[in-house]
Amino acid sequence: MLMLVDCSGCRTPLQLPPGAQTIRCAVCQAVTRVADSRALPPAPSSSSFHRPPPPSTSPYNHAPPGPPPSAHGRKRALICAVSYKRSRHELKGCINDAKCMKYLLVNKFSFPESSILMLTEEESDPYRRPTKQNMRMAMFWLVQGCQAGDSLVFHYSGHGSQQRNYTGDEVDGYDETLCPSDFETQGMIVDDEINATIVRPLPTGVRLHAIVDACHSGTVLDLPFLCRMDRSGKYVWEDHRPRSGVWKGTNGGEAISFSGCDDDQTSADTSALSKITSTGAMTYAFIQAIERGHGNTYGNMLNAMRSTIRNTDNDHGGGIVTSLISMLLTGGSLGGLRQEPQLTANQPFDVYTKPFSL
């Protein structure tokens with residue numbers, strides 16, 4: 001039987017194998033020692049009690065180092081980019097997506113660099129590579145200890161897929177999945193797990209935005225409502241709550257997801273948008289919508305992203321982040337984009353009056 005213990009560094013729950021007295025955290029690498037309860041000394045008296053030392057500062061602790069958080073709460077982000085290097089699944093634009101998203105969060109939305117965790121195959125640290133185990137632990141880290149006023153961001157750029165659902169929870173009969181770097185041996189991360197890890201725990205006052213640039217990603221967070229918008233901008237909220245009655249919402253918080261395409265579509269890894277280097281089409285369109293001043297409401301964001309992808313042959317000169325793209329290495333090209341970014345949420349709202357902000 002496995003025992004759960006909290007990591008001594010970042011407080012992420014860890015599964016301790018039987019008989020083990022130490023365990024290393026895959027997120028912050030801290031070694032947690034577990035004493036044998038039979039060998040514990042008697043509890044100290046009140047006169048001999050000493051206050052425990054403060055935890056060491058680390059970008060993986062709940063509160064990032066630096067000045068106290070503002071009245072708007074803390075900001076924390078997880079950025080995962082999976083390139084599948086030296087495999088038949090290799091993607092060229094994912095690392096660029098991750099670098100540009102981090103740049104956007106730091107320079108446009110004032111995220112502290114110390115509160116952004118990046119998992120990429122460029123990392124020499126094995127615990128910061130986008131393996132299935134590391135992605136799972138990083139998702140726990142993202143929501144661990146979140147409080148009212150916090151703003152959380154989950155960005156993923158990589159392959160997505162589908163697998164048959166046998167529980168009746170999916171409208172189309174398929175679960176959506178993310179593909180970590182070792183998915184061929186360790187398996188994919190299913191939307192049910194993503195929802196249980198970063199959506200359902202969100203308490204009142206916490207806001208999560210997911211930006212998922214992957215194939216079949218329309219409902220990859222399993223959120224209960226999908227904004228079905230036509231090309232004229234008219235929309236209705238589709239109810240995707242499972243017929244089984246399984247709860248897919250939050251614990252009072254807010255969860256909103258922008259995804260690269262519908263569940264039955266694919267997302268492009270292409271240089272057709274930037275004209276300079278490969279990027280995920282959805283990530284590029286998301287950043288450009290903000291740079292060009294369309295990021296005031298969720299409806300305007302979604303319309304601008306779709307317009308950018310439809311009009312791939314137009315001029316795409318941009319601002320602070322798309323100019324960064326032009327400094328990155330040149331990649332391959334793939335034309336003929338056939339994808340429509342999607343918007344899902346834990347609750348319906350007026351997409352043209354609700355202000356957008358990360």
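Let me start with G160, which stands opposite L178 in strand 9; strands here, like helices, are DSSP runs numbered from the N terminus, with E runs of at least two residues for a strand and H or I runs of at least four for a helix. Strand 8 and strand 9, the latter covering residues 174-178, pair in the antiparallel sense over five bridges, where pairing requires that DSSP finds at least two bridges between the two strands.

Before going on, I should say that this is a predicted model, in which local features need pLDDT of at least 70 and side-chain atom pairs count only at pLDDT 80 or more, while totals for chains, interfaces and linings use all residues. Residues are numbered from 1 along each chain as its sequence is written, and side-chain values use heavy atoms, with hydrogens and water left out.

Strands 8 and 9 belong to an open sheet of three strands, in the order 8-9-10, with antiparallel pairing. Strand 8 (160-164) and strand 10 (189-190) are at its edges, and because each has a single partner strand, one side of each is left without a neighbour in the sheet.

There is also an open sheet of eight strands, ordered 6-5-7-11-14-17-12-13, and its pairing is mixed. Its edge strands, strand 6 (116-119) and strand 13 (235-239), each pair on one side only. From one strand to the next, the twist averages 15 degrees, with axes taken as lines fitted to C-alpha atoms, for helices over the stretch in contact, and angles running from 0 to 180 degrees between N-to-C directions. Within this sheet, strand 11 (residues 207-213) pairs with strand 14 (residues 254-259) in the parallel sense over six bridges, and L208 has A255 in strand 14 as its bridge partner.

What lies across strand 7, strand 11 and strand 14? That is helix 5, which runs at about 130 degrees to strand 11, contact meaning heavy atoms within 4.5 Å. Ten of the eleven residues of helix 5 (residues 281-291) are buried, so this helix is largely enclosed by the rest of the structure; buried means under 20% relative accessible area, exposed over 50%, and partly exposed in between, with a 1.4 Å probe and protein chains only. Among the buried residues are M282, Y284, F286 and I290. After helix 5 comes G293, whose phi is positive, near 85 degrees.

Lastly, the cysteines: how many disulfides does the structure hold? It holds zero, a disulfide being a pair of cysteine sulfur atoms within 2.5 Å. C100 is buried at 2% relative accessible area, and C179 also counts as buried, at 3% relative accessibility.
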